[in-house]
Amino acid sequence: MTTAELVVTFAGLAAILWVNWYFLLAGEAAAAGSAAGPQRFRIEVNNSYSPSAIRVRAGEPVQLDFHRTDRSSCTEEVVLPEFGIRRFLPTGQTTSVEFTPRAPGSYGFECGMGMVRGKIIAEEAES
């Protein structure tokens, strides 16, 4: 194998690792909601969702405040398919989305193209 082939091979492997990290692992830290009132979370939209994982209590209302700062067309919409929600996210503004996860489970949200993704983890409420 020549030096040029080694460089191309390692560059290709590095690109594969970066793509997997960016789309699957980045921003996996879950946030916790407040104990009183609707569970509110602010999500920064800048080529990804931050945080990309939200931990909520099932059976209680949730409000997600999406604040979009990037101008890419990919993130101009957010879709929560399990809740039948599709909203336009204007750049530089905050758009709120409200829903109630009726049962524990994992619910996805994504951009209109399905390239940028996040998840809502609904857990059984403590009694």
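A residue is classed as partly exposed when its relative accessible area falls between the buried range, under 20%, and the exposed range, over 50%. In the predicted model described here, R42 has a relative accessibility of 47% and therefore counts as partly exposed. Its salt-bridge partner is E44, with the closest N and O atoms 2.6 Å apart, and E44 likewise counts as partly exposed, at 29% relative accessibility.

The structure holds six salt bridges in total, including two further pairs that link distant parts of the chain. In one of these, D65 is paired with R40 at a closest N and O separation of 3.1 Å, which joins strand 5 (residues 62–68) to strand 2 (residues 39–45) across 25 residues of the chain; D65 counts as buried, because its relative accessibility is 10%. In the other, R55 and E123 approach to 2.5 Å between their closest N and O atoms, and the residues, 68 apart along the chain, belong to strand 4 (residues 53–57) and strand 10 (residues 117–123), respectively. R55 is partly exposed at 34%, as is E123 at 33%.

Among the nonpolar residues, L89 is located in the loop between strand 7 (85–88) and strand 8 (94–99) and is buried, with a relative accessible area of 0%. Beyond its neighbours within four places in sequence, L89 contacts V45, F66, R68, T75, E76, E77, V78 and T95; the C-alpha atoms of L89 and F66 are separated by 7.4 Å, although these residues lie 23 positions apart along the chain. F10, by contrast, is exposed at 55% and lies in helix 1 (residues 3–25). Together with M1, L6, L13 and I16, F10 forms a nonpolar surface patch with about 560 Å² of accessible area.

Key. Residues numbered from 1 in each chain as written. Predicted model: local features only at pLDDT ≥ 70, side-chain atom pairs only at ≥ 80, totals over all residues. Heavy atoms only, no water. Patch = residues over 30% accessible without salt bridge, like charges linked within 9 Å, V, L, I, M, F, W, Y side chains within 5 Å. Areas by Shrake-Rupley, 256 points an atom, 1.4 Å probe, with all protein chains shown as cover. Salt bridge = Lys/Arg side-chain N within 4 Å of Asp/Glu carboxyl O. Helix = DSSP H or I, 4+ residues; strand = E, 2+ residues; numbered from the N terminus. Buried < 20%, exposed > 50% of the residue type's maximum accessible area, 1.4 Å probe, protein only. Contact = heavy atoms within 4.5 Å.
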